[in-house]
Amino acid sequence: MTVFIFAGTTEGRELALLLSKNGVHCTVSVATEYGASLLPKAERITVLHGRLSHEEMAEKFSQNYYDFVIDATHPFATEVSKEIKKACNRTQNRYIRLARETAVSQGQKIFVFSDIVSAGTWLEGQGGKIFVTTGSKELPSLTAQISDKARLFVRVLPTVESIQMCAECGILQKQIIAMQGPFSETTNEIQFKESGTSILLTKESGTAGGFFEKITAAEKLGMKIAVIQNPEKRAKNVESEVRFSSVEALAHKILEKTK
């Protein structure tokens with residue numbers, strides 16, 4: 001049994017390790033070298049890094065036989081998911097989505113937005129400094145809406161690419177926290193306090209993304225919270241699409257096929 005996993009998430013890494021331990025050969029694709037470094041070193045796991053178009057994905061699928069192609073990418077990586085589906089349609093591979101379950105807490109100071117642009121427009125009209133945890137890729141869209149870049153304190157992955165993006169968007173070094181998450185409630189609270197921020201900007205990234213630890217810490221400090229909604233909640237459900245929300249459930253389904 002062989003599977004192709006598009007990872008880059010905690011769930012993708014966990015699935016690859018669980019399957020490989022049970023005799024399944026996994027080819028795991030991640031976008032960056034940094035993402036590859038987070039993957040477990042184990043027998044029966046082959047790691048590929050680098051962003052792929054759907055044509056390149058289809059070429060990879062054609063080089064070997066894969067029983068399943070599993071999309072375990074981040075819920076906000078919608079364009080990548082589209083490319084994976086196109087590639088699977090082209091090669092007739094079976095596409096399975098490992099989708100992260102997410103939810104937004106209810107609260108008087110929690111404001112939910114459909115995208116980063118609408119959130120940025122709202123933030124521009126608010127006073128105070130903003131703690132940004134939406135990632136470096138979203139920075140160009142965000143900073144286009146914020147006139148005073150000194151208001152922003154951003155937490156990004158500790159990669160050259162992320163730091164370069166911050167610089168290109170007018171974020172000074174003293175405004176950058178480059179760390180790999182997820183973070184505990186205590187760590188979040190300390191960073192929010194030390195940065196002097198009064199607003200948290202985050203994505204609806206679920207338990208694996210440390211979402212609730214951020215929300216709880218911000219609520220303790222009386223901060224306003226702007227949340228970008230999980231785009232998969234707005235997407236139309238595709239009846240033919242096989243979806244799982246649990247690593248264990250998907251692994252069990254795959255391992256059943258090996259018996």
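Reader: What makes β1 and β4 count as paired strands, and how many bridges join them?

Author: This is a predicted model, and its strands are judged by their bridges. Two strands pair if there are at least two bridges between them. Strand β1, residues 2-6, is joined to strand β4, residues 68-71, by 4 bridges. The requirement is at least two, so β1 and β4 are paired. The two strands run parallel, and Phe6 stands opposite Asp71 in β4.

Reader: How many bridges join β1 to β2?

Author: There are 5 bridges between β1 and β2, which run parallel. With at least two as the requirement, this is a pair as well. Phe4 has Thr27 of β2 as its bridge partner.

Reader: What holds paired strands together in general?

Author: Strands of a sheet pair through backbone hydrogen bonds, in either a parallel or an antiparallel way.

Reader: Which order do the strands take in the open sheet that holds β1, and which of them are edge strands?

Author: The order is β3-β2-β1-β4-β5-β12, with parallel pairing in a sheet of 6 strands. The edge strands are β3 (45-49) and β12 (242-244), since each of them pairs on one side only. Neighbouring strands are turned against each other by 20° on average, direction ignored.

Reader: Why are β6 and β9 said to stand at the edges of their sheet?

Author: That sheet is open and has 6 strands in the order β6-β11-β10-β7-β8-β9, with parallel pairing. β6 (110-113) and β9 (176-178) each have a single partner strand, so one side of each is left without a neighbour in the sheet. Inside the sheet, strand β7 (residues 130-132) and strand β8 (residues 152-156) pair in the parallel sense over 3 bridges. Ile130 has Leu152 of β8 as its bridge partner.

Reader: Which helices lie across β8?

Author: Helix α7, residues 160-168, lies across β8 and β9 and runs at about 165° to β8. Helix α9, residues 211-220, lies across β6, β8, β10 (199-203) and β11 (224-228), and its angle to β10 is about 165°.

Reader: What lies across β1?

Author: Helix α1, residues 10-21, lies across β1, β2, β3, β4 and β5, running at about 165° to β1. Helix α4, residues 78-91, lies across β1, β4 and β5, running at about 160° to β5. β1 itself is mostly covered, with 4 of its 5 residues buried.

Reader: How do you know that α1 and α10 pack, and which residues make the contact?

Author: Their axes are 10 Å apart, at an angle of about 35°. Contact requires heavy atoms within 4.5 Å. The residues that make it are Glu11, Glu14, Leu15, Leu18 and Leu19 of α1, together with Val247, Leu250, Ala251, Ile254 and Leu255 of α10. They divide into 8 nonpolar, no polar and 2 charged. The crossing of α1 and α10 is right-handed.

Reader: What makes a set of residues a nonpolar core, and which residues have the most contacts inside the largest one?

Author: The members must be buried residues of certain nonpolar kinds, joined through side-chain atoms within 4.5 Å. The largest such core has 24 residues, and those with the most contacts inside it are Val3, Ile5, Leu15, Leu19 and Ile70. At least two residues come from each of β1, α1, β2, β4, β5 and α10. Helix α10 gives the largest share, 5 residues. Apart from this core lies another, of 22 residues, including Phe113 and Trp122.

Reader: Which residues does Ile5 contact, leaving aside its neighbours within four places in sequence?

Author: Among them are Leu15, Leu19, Val28 and Ile70.

Reader: Why is Asn188 called buried?

Author: Buried means under 20% relative accessible area, and Asn188 has 0%, so Asn188 is buried. Asn188 lies in helix α8, residues 185-195. Neighbours within four places in sequence aside, Asn188 is in contact with Arg155, Phe183, Glu213, Lys214 and Ala217.

Reader: Is Gly127 buried or exposed, and what makes it count as such?

Author: Exposed means over 50%, and the relative accessible area of Gly127 is 53%, so Gly127 is exposed. Gly127 is found in the loop between α5 (116-124) and β7.

Reader: What does Gly127 touch, not counting residues up to four places away in sequence?

Author: Gly127 touches Arg151, Ser198 and Ile199. Ile199 is 72 residues from Gly127 along the chain, and their C-alpha atoms are separated by 8.8 Å. The touch rests on heavy atoms within 4.5 Å, so the C-alpha separation is not what decides it.

Note on methods: Residues numbered from 1 in each chain as written. Predicted model: local features only at pLDDT ≥ 70, side-chain atom pairs only at ≥ 80, totals over all residues. Heavy atoms only, no water. Axes fitted to C-alpha atoms, helices over the stretch in contact; angles between N-to-C directions. Left-handed = near helix turned anticlockwise from the far one by under 90°. Nonpolar A, V, L, I, M, F, W, Y, C, P; charged D, E, K, R; others polar. Buried < 20%, exposed > 50% of the residue type's maximum accessible area, 1.4 Å probe, protein only.
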